[in-house]
Amino acid sequence: MTTKRFFAAFLLVSLVLAGIVSFYASAHPDGLEKVAEDKGFNAKERDHSMKDSPLADYGVKGVGDARLSGGLSGVIGVGVVLLAGGGLFWVVRRRGSSAPAAPAPSTASQDA
Amino acid sequence: MTDVHVPDGFINAPVSLAAGAVAVAGVAVALRGARRELDDRTAPLAGLVAAFVFAAQMLNFPVASGTSGHLLGGALAAILVGPYTGVLCVAVVLLVQALLFADGGLTALGVNITVMGLVTVLVGYGVFRGLLRVLPRTRASVAGASFAAAVVSVPGSALVFTAIYAVGGTTEVPLGKVAAAMVGVHVLIGVGEALITAVTVSSVLAVRPDLVYGARGLVRQLELRTTPPTESASASGASA
């Protein structure tokens, strides 16, 4: 499988999971939330300062259909994380050493 | 969908600040270390891994009556793209979730990055490397070590959260009972985490084994048997 094709497939899997499969996720509280309720250590929990964000709680504000709203928010999230993460990693990466065919005498010193 | 990380108000201000300092230091170390893990090919891969972790975290799976769990992803990211980059993957996901999706308190961001990024990567990748040192160099070993790494990383994370709560919790609660309940439910969540991690790592290994950071030694031995042994990929370029 070519690298390009593999990347495309990997992205497609993430988009399908966030955009479609997420609708069928369990709506029960997660482990932390449940234990916090049971043991009462959520007594002083505060509302989220971003609770009025247009994407708050994994929905798109103004989209009524739950399946569409949740799926759309997931797709947007995958895109934002990919751009933010990919951008960061692209800036951080070491340069000019990914082609093994090219002689890279400077690689060792760059690594240090 | 209530995908809840540590919200605002669980942990008091001083301890939240201290956890924030730990998170900042951890991310700074990760930024330095990630440079060695990332190149023109693995940088986009790492972005895709972060996006995958975000997607998988939306998929809460049932673990017990009335309780769900979701992937944390630290062990998975560390095995796929390296431990330093793995920390950054989880940190980016948590940052986007807190800022855009109101998931995980802003004042709790340091706690969340520490518990779900630093701890899962340290514990998960530590277990993974340790096991690979003693296991035969096969793909099955990598899958098995991935499972074990993930299964341990989740209760490990829950335990560290409980320790932070013991120091900076805002409500007086019986800590022993909280610790037992947290570890108990997170062992179950850990099994889900382990299944997702092992399946994902195995899938990538099946099609592109060269792209799995944690299987680098394995792949090199299988593929480059005809060439003289070299220390690392970058050294091979330099010594040629």
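Which residues form a nonpolar patch on the surface, with about 570 Å² of accessible area together? This tour of a predicted model arrives at them after a view of the whole chain.

**Stop 1: chain A.** Select chain A and display it as a cartoon. The chain has 4 helices and 0 strands, and its pattern along the sequence reads α-α-α-α. Of its 112 residues, 37% are buried. Now show the surface of chain A. Its accessible area comes to about 6,300 Å², and carbon and sulfur atoms account for 64% of that area. Among contacts in chain A with a separation of 6 or more, 38% join residues that are 24 or more positions apart in the sequence.

**Stop 2: the nonpolar patch.** Select A:Leu12, A:Val16, A:Ile20, A:Val21, A:Phe23 and A:Tyr24; these residues form the patch named in the opening question. Next, select A:Ile20 by itself. This residue is found in the loop between α1 (3-19) and α2 (31-39) of chain A. Is A:Ile20 buried or exposed? Its relative accessibility is 52%, and a residue counts as exposed when the value is over 50%; A:Ile20 is therefore exposed.

**Stop 3: A:Arg94.** Move on to the loop between α3 (66-92) and α4 (107-111) of chain A, and select A:Arg94 there. Its relative accessible area is 9%. Buried means under 20%, so A:Arg94 is buried. Finally, add B:Arg36 to the selection and show its backbone. What does the side chain of A:Arg94 reach at 3.2 Å? The partner is the backbone oxygen of B:Arg36, which belongs to chain B.

Technical notes
Residues are numbered from 1 along each chain as its sequence is written. Chains are lettered from A and ligands numbered from 1 in the order in which they are written. This is a predicted model: local features need pLDDT of at least 70, side-chain atom pairs count only at pLDDT 80 or more; totals for chains, interfaces and linings use all residues. Side-chain values use heavy atoms; hydrogens and water are left out. Patches are made of residues with over 30% relative accessible area and no salt bridge: like charges are joined within 9 Å, nonpolar side chains (Val, Leu, Ile, Met, Phe, Trp, Tyr) within 5 Å. Accessible areas come from the Shrake-Rupley method with a 1.4 Å probe; for residues, only the protein chains shown count as cover. A salt bridge is a side-chain nitrogen of Lys or Arg within 4 Å of a carboxyl oxygen of Asp or Glu. Helices (H or I, at least four residues) and strands (E, at least two) are DSSP runs, numbered from the N terminus. Buried means under 20% relative accessible area, exposed over 50%, partly exposed in between (1.4 Å probe, protein chains only). A polar contact is a pair of N or O atoms within 3.5 Å; within protein, one must be able to donate a hydrogen and the other to accept it, and residues adjacent in sequence count only if both atoms are side-chain atoms. Contact means heavy atoms within 4.5 Å.
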